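Reader: I would like to learn how to read the features of a structure one at a time, beginning with the general idea and then turning to the case at hand. Could we start with aromatic rings?

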Amino acid sequence: MLYYSLNKQSPKVDFKEATLRGQAPDKGLYFPEHIPVFPKEFIKDIVSYSKEEIALQVIQPYVGDTIPSKKLHDIVVETINFNFPLIKVDENKYALELYHGPTLAFKDVGARFMSRCLGYFAKEKKEKIIVLVATSGDTGGAVANGFYNVEGIEVVILYPSGKVSSVQEKQLTTLGNNIHALEVTGNFDDCQQLVKQAFGDVEINRSITLTSANSINVARWLPQQFYYLFAYQQWKHETPPVISVPSGNFGNICSGILAHISGLPVKHFIAACNSNDVIPAYLEGGVYEAKKAVATLSNAMDVGNPSNFIRILEIFNNEFGNLKNVLSSYSITDEETKSTIKQVFNQHDYVLDPHGAVAYSALQKYLSVHHDEHGIFLETAHPVKFPACVEEVLNLTVDIPESIAPIMKLKKNATLMSPDYNFLKDYLLGV
Ligand SMILES: *Cc1c(COP(=O)(O)O)cnc(C)c1O
């Protein structure tokens, strides 16, 4: 499999090059040259496959021969060694819980898969590889955990001081070894700005392979398809599900649509957004207008110009009509998010996190005019990661799951810095 740049000004590369580069030299996103088709029996008999077999079937064509099959098998086994249960919440909605991984966020799968692929590719390279990320919370934890102790790779994470939850901060700052946390006295935009500057710095890129671990990287984007097949494996209704995905940068939903194009039965996709409504507005009026992100309760989705949406357009050859047949989008306010959390807890005894609540609410809107259908919403984070919101709305304490209790006792270890690029540069050169 080769990947081309969506800007069409760079050579095609294989999975290894695409993973190491992240973005093409012309700043375009990499996109697979063709979309594989699942064998018919695979979908028909999906209940008889193991999770690992499903994942391998999906990812093998994308990886090609850049990783030997035995190694790829091991990577997949490690990537998905936790559960992805589909839980019935009310008469026509099911939660696909994607938060049973080590950092309680759906980003664990992409981060774990990418880290292990990069670890394998690093063995063949002499240069030092540094993964550099700015995080507003969830990405950093998943990346830190996923790359922890992966040989040949150092991880540098920038996060805004005082702006991530206590669970998130512990996940970023307690691992040590090859994971380095920089606590920036500024906001998320400052962190992102510093990271951008480093990627554009010729001097740094001469001596270090600097790569990002965000969802534009094919090795983080493509394995997210697994969720949709795991959901389908547990689906008991005759007609395929409507699937509602809480969306920020649109990497997750884009991978779901990709799996659908490969042959996974899905009735319809819903991109559930918070007040950052660029895509709902685009699908409504046909005009794409990037905006400045506004802060909401579902802060992992506070994105004003979703980077992966261009991949969705590519899947549909930029044909607006075809896109609208498959995808709808809703914008959900913070008020609606809170009332949804309250309603679902009171009526169905199920605790949503703010991101899952946005997805539930969007699905509810869609199903209210499509009565006969059933739907799945993706629960992308454990409610305990957003205690301020969930506990205020429900007036209860969310217990910290046993799996992460140990890190809450560990001591934070972060380097405090002001948003000063020279500091970051010296730090990167010295790691
Ligand atoms: C990152 C994230 C999202 C958004 O996913 P995208 O792939 O960027 O659309 C949704 N929910 C949570 C909890 C996240 O961390």
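**Reading rings, burial and contacts**

Author: The structure, which is a predicted model, holds 21 aromatic pairs.

Reader: How is a pair of aromatic rings described?

Author: A pair of aromatic rings is described by the distance of the centres and the angle of the planes. In this structure, Phe84 and Phe230 form a tilted pair, with 4.9 Å from centre to centre and 45° between the planes. This pair links distant parts of the chain, since Phe84 belongs to the loop between α4 (69–79) and β3 (86–90) while Phe230 belongs to helix α11 (residues 225–233), 146 residues apart.

Reader: Are Phe84 and Phe230 buried or exposed?

Author: The general idea is to compare the relative accessible area with a cut-off, and a residue under 20% counts as buried. Phe84 has 5% relative accessibility and therefore counts as buried, and Phe230, at 1%, counts as buried as well.

Reader: Which pair would serve as an example of stacked rings?

Author: Tyr288 and Phe309 form a stacked pair, with 6.1 Å centre to centre and 20° between the planes. Because Tyr288 lies in the loop between α13 (278–285) and α14 (309–315) and Phe309 lies in helix α14, the pair ties together parts that are 21 residues apart in sequence. As for accessibility, Tyr288 counts as partly exposed at 32%, whereas Phe309 counts as buried at 1%.

Reader: Which residues do ring pairs link into a cluster?

Author: Ring pairs link Phe82, Phe84, Phe106, Phe226, Tyr227, Tyr228, Phe230 and Phe269 into a cluster, and the tilted pair of Phe84 and Phe230 described above therefore has both its members in this cluster.

Reader: Where does the charged end of Arg311 sit?

Author: A ring can also be read together with a charge, and here the charged end of Arg311 sits over the ring of Trp221, at 4.0 Å from the ring centre.

Reader: Which residues are closest to the ligand, and how many surround it?

Author: One reads a ligand site by listing the surrounding residues and then looking at individual atom pairs. Here 15 residues surround the ligand, and the closest are Lys107, Gly248, Asn249, Phe250 and Thr380. An N or O atom in the side chain of Lys107 is 2.4 Å from an oxygen atom of the ligand, while Gly248 brings a backbone N or O atom to 2.8 Å from a ligand oxygen atom. In the case of Thr380, a polar side-chain atom lies 2.8 Å from a nitrogen atom of the ligand. The ligand on its own has 380 Å² of accessible area, of which the protein covers 97%.

Reader: How should one read the surroundings of a single residue, for example Ser247, and where does Ser247 lie?

Author: One can take its place, its accessibility, its polar contacts and its other contacts in turn. Ser247 lies in the loop between β9 (242–246) and α12 (251–261), and with a relative accessible area of 3% it is buried. Its side chain reaches the backbone oxygen of Val245 at 2.9 Å. If neighbours within four places in sequence are left aside, Ser247 is in contact with Ile253, Ala271, Ala272, Cys273 and Met301.

Reader: What does the side chain of Thr211 reach?

Author: Thr211, placed in strand β8 (residues 208–211), counts as buried at 1% relative accessibility, and its side chain reaches the backbone oxygen of Leu20 at 3.4 Å. Leaving aside neighbours within four places in sequence, the contacts of Thr211 include Thr19, Leu20, Leu118, Phe199 and Asn217.

Reader: How many residues of helix α6 are buried?

Author: A whole helix can be read by asking which of its residues are covered and what they pack against. Helix α6 (residues 138–147) is mostly covered, with nine of its 10 residues buried, among them Asp138, Val143 and Phe147. These buried residues pack against several elements, including α5 (107–122), β5 (128–134) and α10 (218–221). Just after α6, Asn149 takes a positive phi of about 65°.

Reader: Where else should one look at the backbone angle phi?

Author: Lys8, although not a glycine, has a positive phi of about 60°; its place is in the loop between β1 (3–5) and α1 (15–21), and at 55% relative accessibility it counts as exposed. Asp349, which is not a glycine either, has a positive phi of about 60°, is placed in the loop between α16 (334–348) and α17 (354–367), and counts as exposed at 62% relative accessibility.

How values were computed
Residues are numbered from 1 along each chain as its sequence is written. This is a predicted model: local features need pLDDT of at least 70, side-chain atom pairs count only at pLDDT 80 or more; totals for chains, interfaces and linings use all residues. Side-chain values use heavy atoms; hydrogens and water are left out. Rings of Phe, Tyr and Trp (its six-membered ring) pair if their centres lie within 6.5 Å; planes under 30 degrees apart count as stacked, over 60 as edge-to-face and the rest as tilted. Helices (H or I, at least four residues) and strands (E, at least two) are DSSP runs, numbered from the N terminus. Buried means under 20% relative accessible area, exposed over 50%, partly exposed in between (1.4 Å probe, protein chains only). A charge sits over a ring if NZ of Lys or CZ of Arg is within 6 Å of the ring centre and within 35 degrees of the ring normal. A polar contact is a pair of N or O atoms within 3.5 Å; within protein, one must be able to donate a hydrogen and the other to accept it, and residues adjacent in sequence count only if both atoms are side-chain atoms. Contact means heavy atoms within 4.5 Å. A residue is near a molecule or strand if one of its heavy atoms lies within 4 Å of it. Accessible areas come from the Shrake-Rupley method with a 1.4 Å probe; for residues, only the protein chains shown count as cover.
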